[in-house]
Amino acid sequence: MTGSTTPFRSAPVGYGFHPTDEELVNHFLKLKMIGGYDHVVSTIAEVNVCAYEPWELPGLSAIQSNDPECYFFSRRNYKYSNSQRANRTTGAGYWKGTGRDRTITAKSTGEQIATKKTLVFYNGRVPNGVKTNWIMHEYNPTFSFPNKRDFILYKLKKNPDDLPAFDEGESSASNVDEEGSQLRAQLESFNGIDEGDYNLNSALHFTN
């Protein structure tokens, strides 16, 4: 783990960190790229994501809680020094893109601020990798300003072992019964089906 972020030992009961895509990019990622706001964005750890296996990453999260999602800032990692091709290989496997990239826009201006790519983790090596239930969203900012630091943001989640990993755009609703309605809502939200309306103050909240 790198950077000056200090992990929270544990989150209070009822604590939740659920920023929207716009808040992740236009607030947390933008301030991280500008620099000098580590105290504001310390709820997201800076980690070289592909230096770890997905099952190791939750332990590196700045927030230790029962939330199913983890968030990380990461420097861009390229296969070659003279290439813009992303390196998404780990020691045990690799992250593979699936579905179409999505556009993140600022609601107030309609301006595009990022693209969101969905990645699925495979154990092994191409072409014989075995698909797992680990899913990650990669947020690539499209805004530009002078002297920015080159960061991207990741949102990590593991589907329950009794549910198959599904690609971006596939609904998990058919795989969850009525007793799992809360879990279904979380899964669908993670896959962009229902982002919900939040403001920055809702990113950190307490539930009753």
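What does the protein average in pLDDT, and what percentage of the residues score at least 70? I began with this, and found that the protein averages a pLDDT (the predictor's confidence in each residue, from 0 to 100) of 80, with 72% of the residues scoring at least 70.

**Ground rules.** I am reading a predicted model, in which local features need pLDDT of at least 70 and side-chain atom pairs count only at pLDDT 80 or more, while totals for chains, interfaces and linings use all residues. I number residues from 1 along each chain as its sequence is written, and I take side-chain values from heavy atoms, with hydrogens and water left out.

**Confidence.** I looked up the extremes and found confidence highest in strand 5, at 98, and lowest in strand 8 (residues 204-206), at a mean of 46; helices (H or I, at least four residues) and strands (E, at least two) are DSSP runs, numbered from the N terminus. Over residues 168-182 the pLDDT stays under 50, and I note 22 contacts (heavy atoms within 4.5 Å) beyond four places in sequence for them in the model. Residues 193-208 also have pLDDT below 50, and that stretch has 35 contacts beyond near neighbours in sequence. I leave both stretches there, because predicted coordinates should not be read in detail where pLDDT is low.

**The sheet.** I traced an open sheet of six strands in the order 2-3-7-6-5-4, with mixed pairing, where two strands pair if DSSP finds at least two bridges between them. Strand 2 (45-46) and strand 4 (93-105) are the edge strands, each pairing on one side only. Within the sheet I followed strand 5 (residues 112-123) and strand 6 (residues 130-141), which run antiparallel and are joined by nine bridges; Val120 stands opposite Ile135 in strand 6.

**Lys155.** I found Lys155 in strand 7 (residues 151-158), and with 6% relative accessibility Lys155 counts as buried (buried is under 20% relative accessible area, exposed over 50%, partly exposed in between, with a 1.4 Å probe and protein chains only). Lys155 and Cys70 are 85 residues apart in sequence, yet their C-alpha atoms are 5.7 Å apart in space.

**Salt bridges.** I count seven salt bridges, each a side-chain nitrogen of Lys or Arg within 4 Å of a carboxyl oxygen of Asp or Glu. Asp150 and Arg76 meet in one of them at 2.7 Å, N to O, and this pair links distant parts of the chain, with Asp150 in the loop between strand 6 and strand 7 and Arg76, 74 residues apart from it, in the loop between strand 3 (69-75) and strand 4. Asp150 is partly exposed at 35% relative accessibility, as is Arg76 at 27%.

I then turned to Glu138 and Arg88, whose side chains meet at 3.0 Å, N to O. Glu138 lies in strand 6 and Arg88 in the loop between strand 3 and strand 4, so this salt bridge ties together parts that are 50 residues apart in sequence; both residues are buried. Salt bridges that share partners also join Lys32, Asp38, Glu46 and Arg75 into one network. Within that network I checked Asp38 and Lys32, whose closest N and O atoms are 3.9 Å apart; Asp38 is partly exposed, with a relative accessible area of 29%, whereas Lys32 is buried at 3%.

**Tyr37.** My last entry concerns Tyr37, in the loop between helix 1 (21-34) and strand 2, which counts as partly exposed at 34% relative accessibility.
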